[in-house]
Amino acid sequence: MTEKDFIPKPYSNSLESGSFTWSSPSNIALVKYWGKKEHQIPENPSISFTLDNCKTTTNLTFSKKSNHDGFSFEVFLDGEQKDDFKPKIETFFKRVEVYLPFLKDYHFTLETSNTFPHSSGIASSASGMSALALCLMSIEKSIIESDVTLNAPDSYRDERPFNNDYFIQKASFLARLGSGSACRSLEGDIVVWGKHDNIEGSSDLYGVKYPYEVHQNFKNYQDTILLVDKGEKQVSSTVGHNLMHGHPFAQQRFEQANKNLSDIISILKSGHLDKFIALVESEALTLHAMMMTSQPYFILMKPNTLEIINKIWSYRKASGSKICFTLDAGANVHVLYPESEAPQVLEFIQNELVAFCQNAQYICDVIGLGASKL
Ligand code: DP6
């Protein structure tokens, strides 16, 4: 597949109006995406667990407008108009217009809500952009289907079968253009994004479901997200990615990510949790090491992030637990552990880690199956 395969044949836009709702989860990377080329192409492949409880639900209503100039839309979060979300969506619309030629023909109302608190420091861009991309794909699908039912001339019809695989692949492709990690949020339970020679079907253009055997140890893997700092991000991820250009350790980092992706294949197959822990924690710390060694440099961990990491290490040493942590580009800690350990680990979290969370807040999540149409 190339970008061109996502440009549809002309359609007649006979559809007057409609509305679609999709719910899409967040995801947590095990091997991190950090650094991108032009057009949201990742510098290295990444792999993530799709989450289940942390979700965005988006309803997109569309109605035909009389002119074709400019994008016309309004955005609501939890029922409140959010004009400050508009520039990001406008940029997204501009990037995807060539793949969704109907965008200037309709006025859109986007109503969105997250299951997690907006100010939790949990990025909503992955779940938000994937939910929006799926709504747009539902519109494209119904435009094409309505063309067919109205007996539109053959030239209006897209000959490519509009099957489910293509729908998801194009939605992931569009989501990527909104926010890179969003392309890993459509399916579950493990998704790879970025071309890797050992992963069949992997692509820089969209996420694919991890195609190989996964050991029972990873079934219903738990992710408890400790909310250490709920403030606005100090550095946007786009700025962070750009700091990998000219970064003194960039090439070694991209090579390491490729190797970690090779290594995780046998770890996922064998269920070797000690190796899993070593790889996942090293990835998290490397991500932050990249931030600490870029120009300008920055530290996104907080003192409580380190307190939690040290507590996790002591608990693991003392109990033999397979608990581990990962981080995204912020201070919150994702605590990962097998389902079989859930009761003990939750007790440990409540007794020893919650004290380091802002307002004692944490979110219990689990590896999930991806987006759903409501
Ligand atoms: C640290 O996907 O938020 O979470 O493509 O600029 O929107 P943009 O970046 P984004 O970056 C996520 C970075 C990360 C690692 C990861 O999820 O792989």
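In this predicted model, a polar side-chain atom of Q40 lies 3.4 Å from an oxygen atom of the ligand. The ligand is surrounded by 17 residues, and the protein buries 93% of the 460 Å² that the ligand exposes when taken alone. Beyond the ligand site, the model holds a nonpolar core of 81 residues, the largest one, and another core of 23 residues that lies apart from it.

**Polar contacts of the ligand**
- The side chain of R184 places an N or O atom 2.8 Å from an oxygen atom of the ligand.
- G180 takes part through its backbone, where a polar atom is 2.7 Å from an oxygen atom of the ligand.

**The shell around the ligand**
- Y33, K36, S179, G180 and S181 are the closest of the surrounding residues.
- By class, the shell comprises 8 polar, 5 nonpolar and 4 charged residues.
- Helix α4, which spans residues 237–242, gives the most to this shell, with 3 residues.

**Nonpolar cores**
- In soluble globular proteins, nonpolar side chains tend to be buried together.
- Within the largest nonpolar core, the residues with the most contacts are I47, F102, F108 and L136.
- Helix α2, covering residues 125–149, gives the most to this largest core, with 11 residues.
- The separate core of 23 residues includes V228, I308, I312 and V333.

Key: Residues are numbered from 1 along each chain as its sequence is written. This is a predicted model: local features need pLDDT of at least 70, side-chain atom pairs count only at pLDDT 80 or more; totals for chains, interfaces and linings use all residues. Side-chain values use heavy atoms; hydrogens and water are left out. A nonpolar core is a set of buried Ala, Val, Leu, Ile, Met, Phe, Trp, Tyr and Cys residues joined through side-chain atoms within 4.5 Å. Buried means under 20% relative accessible area, exposed over 50%, partly exposed in between (1.4 Å probe, protein chains only). Helices (H or I, at least four residues) and strands (E, at least two) are DSSP runs, numbered from the N terminus. A residue is near a molecule or strand if one of its heavy atoms lies within 4 Å of it. A polar contact is a pair of N or O atoms within 3.5 Å; within protein, one must be able to donate a hydrogen and the other to accept it, and residues adjacent in sequence count only if both atoms are side-chain atoms. Accessible areas come from the Shrake-Rupley method with a 1.4 Å probe; for residues, only the protein chains shown count as cover. Ala, Val, Leu, Ile, Met, Phe, Trp, Tyr, Cys and Pro count as nonpolar, Asp, Glu, Lys and Arg as charged, and the others, Gly among them, as polar.
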